Structures are given as C-alpha cells and as structure tokens.
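The following exercises concern the structure shown below. Each consists of a task and a solution in steps.

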Amino acid sequence: MKSVVINGYGTIGKRVADAVSVQDDMKVTGVSKTKPDFESRMAVQKGYDLYIAIPEREKLFDKAGIEIAGTVDEMISDADIVVDCTPGNIGPQNLEKYKKAGVKAIYQGGEGHDLTGLSFNSFSNYDDSYGADYSRVVSCNTTGLTRSLKPIDDLCGVKKIRAVMVRRGGDPSQVNKGPINAVVPNPPTVPSHHGPDLKTVMYGANITTVALLVPTTLMHQHNLMVELENDVALDDVIDILENRSRILLLEAKEGLGSTAEFMEYAKELGRSRNDLFEIPIWKESLNIVDGELFYMQAVHQESDVVPENVDAIRAMLELESDNEKSIAKTNKAMGIL
C-alpha cells in the first residue's frame, strides 16, 4: 500500500482522496486545507488526517474544534507521492518543497505544462510518466478531448481537429464567478489554450480550438469537427466509442438532450456528488460527411480528471506498467462504466 497525500482538499482534491481510498494498492495518509471550513470538518469526519498549509492558522482550527495532525511539511515527509490540487499560482513554490522532501508529485491542469515538462493522460501517454518524479494531469477539457479523440485516431487516423469549447462560467459552489447574462469569448483570440494543451499528451495533433464562457455551472460542452486520415464507416466509430471505457454514448431521444439531464443521469447512477467521471457523447451527433467526423460531447469539470489522477499515481509509483490494466483496476474500484 503506497502512501498518497493530497495537498489541497477542494473540488478536485476531495474527489481524488475518495478515489484513492477505494483502491487496494494505495492509501490516503493525509489531506491539507488552508482554513477551517466545512470541507476541513468533513475530511476529519471521513477519517482523513488533516494537515494545515498555513501553520499560523492553527489557532483558527482549534477554535473551530477541527483536529489537525500537523503541517503540510510534516504531511509530505513520509509520503510516497503528493497529488497537488492547490490553486494554480501555488505550484512553483510547492515544487521546491517537494524536491527538498524528495517526494514525487502530480499536478493538475491549472498549472502549465512547463512546470513539470511532462503531462499525463491514461489512454494516450501513460508510459511517459512511468517512474517519473513529477507529472501533470491535463485539464478537464483536455482530458475530455483526449478520451474521445484517441480511440478515433487509433481506428482510422486523425488529420485535423477543430473544436468549439463551450465552457461553464464557474463550478456550482463558485458564487463569485460569472458571466450571469452573457456569452463571453474566452479568449477572444484564436486558438484557445486547449489545442496546445492536447498536444502535450497527443503528440503532433493538428488541432485548433475556440472557447466561450456561458452562464451555467453544470458542465463544459465540446463541438468537434475531425478530418479523418482514412475512410471509415460511422458504425465502426460508434462501435469503438461504445466499447471504450470512460466514454458514454447517450441519446437525446431518451431524455438526455442537455448537460442538465446528463447530471440527472449521474444522480440515477447513484454517484457521490453526482459525479460523471465518463465523457458523455450525444450519439445522435455522430456523423461523417466527406471524410469529416462531427460529434458533440460534454465534460463534468469537477470529476473527469479524478480517475486519471489515480492512474498517474500508479504509473509514477511503478505499481502497474500496463495502462489498460491500471484503467480497468481504477474503473472497477470507482464503479466507472
């Protein structure tokens, strides 16, 4: 059982902690918070040892009646690996801390690729992070793109990708974010950062992305136009996507015509926090015209990267050299389809 600590028990961090806790080859030995909020209290109630990132705030935790086990420096001292889920601007200084402690670390997509020089996706480049000291799980959007594009590329080759990324304005709990009543080009220049990010895990991909922010908190939505290298029947594309784990082909005609209904579907699956780890694709949207594949998909931004973090832990700690075996192990433990 390898020791995993989560630095930053927030939207992603708490989900990673729960995902790690159900694996049989790793365990959570600590999580960290900066303030004594409800997430701190819940972490302790779940049995996680809670460490504080800002030692000067120890009295605030004491006053709130939330028991702490020590500081982040103490948390990482005996860990095999750190999953860093702290805000993006904290990453560089944390990296120096991890190097000094001699502990491996995984970052999230909020950090730039340059921080580690290595990015991770379970399906496309698992081997590159095998035994690595530092890596970065790509963003929720890039994870979503890779999930569906990699099996298509394996099937018939991909010549060129164009994608319109319709992004949620904020997570459900982010009451200070927007927009409230607008569609905002984000950025107003082309391309957006999502294309270059994809190239860090799907090397050589020819992709151009455009991104928008819209007034929703539920999910991101992608509109893809993919020029194929070789002729292929639509039924073959559908077949490979239906048989690829962590992808769901769902039908609007069954009452799943929107991201809101996808979230309702996650509830019906009985998922904790309504998480949809899989990438749902509207089956009706799949179409091939003159060698170009069109489809639409959605991304649950709070959860789709969570299984990737588990696989990254397994790769970096050399617990499993075969990516498909790690994927299957993670999926089974987490109940992923």
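Helices (H or I, at least four residues) and strands (E, at least two) are DSSP runs, numbered from the N terminus. The model is predicted.

**Exercise 1. Backbone of Arg246 and Glu318**

Task: Determine where Arg246 is found, and state whether Arg246 is buried or exposed. Then treat Glu318 in the same manner.

Solution.
Step 1. Arg246 is found in the loop that runs between helix 8 (234-242) and strand 13 (247-250).
Step 2. Its phi is near 65°, a positive value in a residue that is not glycine.
Step 3. A residue is buried if its relative accessible area is under 20%. The relative accessible area of Arg246 is 0%, so Arg246 is buried.
Step 4. Glu318 has its place in the loop between helix 10 and helix 11. Although Glu318 is not a glycine, its phi is positive, about 60°.
Step 5. The relative accessibility of Glu318 is 47%, so Glu318 counts as partly exposed.

**Exercise 2. Cis peptide bonds**

Task: Identify the loops in which Pro179 and Pro191 lie, and give omega for the peptide bond that leads to Pro179 and for the one that leads to Pro191.

Solution.
Step 1. Pro179 is placed in the loop between strand 9 and strand 10. The bond from Gly178 to Pro179 is cis, and its omega is near 10°.
Step 2. Pro191 lies in the loop between strand 10 and helix 7 (194-198). The bond from Val190 to Pro191 is cis, with omega near 5°.

**Exercise 3. The open sheet and helix 1**

Task: State the strand order of the open sheet of 8 strands, and explain why helix 1 is described as largely enclosed.

Solution.
Step 1. The order of the strands is 4-3-2-1-5-6-8-7, and the pairing is parallel. Strand 4 (70-71) and strand 7 (119-120) are the edge strands, each pairing on one side only.
Step 2. Strand 1 and strand 5 run parallel and are joined by 4 bridges. In this pair, Asn7 stands opposite Asp84 of strand 5.
Step 3. Helix 1 packs on this sheet and touches strand 1, strand 2 and strand 5; the direction of helix 1 makes about 160° with that of strand 2.
Step 4. Of the 9 residues of helix 1 (residues 13-21), 8 are buried, so the helix is largely enclosed by the rest of the structure. The buried residues include Lys14, Arg15 and Asp18 as well as Val16 and Val20.
Step 5. The partners of these buried residues include helix 2 (38-45), helix 10 (306-316) and helix 11 (323-334).

**Exercise 4. Surroundings of Ser3**

Task: State whether Ser3 is buried or exposed, and identify the side chain with which that of Ser3 makes a polar contact.

Solution.
Step 1. Ser3 is found in strand 1. With a relative accessible area of 9%, Ser3 is buried.
Step 2. The side chain of Ser3 makes a polar contact with that of Thr29, at 2.6 Å.
Step 3. Leaving aside residues up to four places away in sequence, Ser3 touches Lys27, Thr29, Asp78, Ala79, Asp80 and Ile81.

**Exercise 5. Geometry and faces of helix 11**

Task: Compare the expected span of helix 11 with the distance between its end C-alpha atoms, and explain why its buried residues line one face.

Solution.
Step 1. The expected span is 1.5 Å times one less than the number of residues. For the 12 residues of helix 11 the result is 16 Å, and the end C-alpha atoms are 16 Å apart, which agrees.
Step 2. Asn323, Ser326, Ile327, Thr330, Asn331 and Met334 are the buried residues of helix 11. Viewed down the helix axis, these buried residues fall within an arc of 130°, so they line one face of helix 11.
Step 3. The spacing follows from a general property: an α-helix has 3.6 residues a turn, so residues three or four places apart point the same way.
Step 4. Lys325 and Lys332 are exposed on the other side of helix 11. The cover over the buried residues includes helix 1 and helix 10.
Step 5. At the start of helix 11, a side-chain oxygen of Asp322 comes to within 2.8 Å of the backbone nitrogen of Glu324. Just after the helix, Gly335 adopts a positive phi of about 70°.

Terms used: Residues numbered from 1 in each chain as written. Predicted model: local features only at pLDDT ≥ 70, side-chain atom pairs only at ≥ 80, totals over all residues. Heavy atoms only, no water. Buried < 20%, exposed > 50% of the residue type's maximum accessible area, 1.4 Å probe, protein only. Contact = heavy atoms within 4.5 Å. Arc of directions from axis to C-beta. Polar contact = N/O pair within 3.5 Å; in protein donor to acceptor, adjacent residues only side chain to side chain. Pairing = 2+ DSSP bridges. Axes fitted to C-alpha atoms, helices over the stretch in contact; angles between N-to-C directions.
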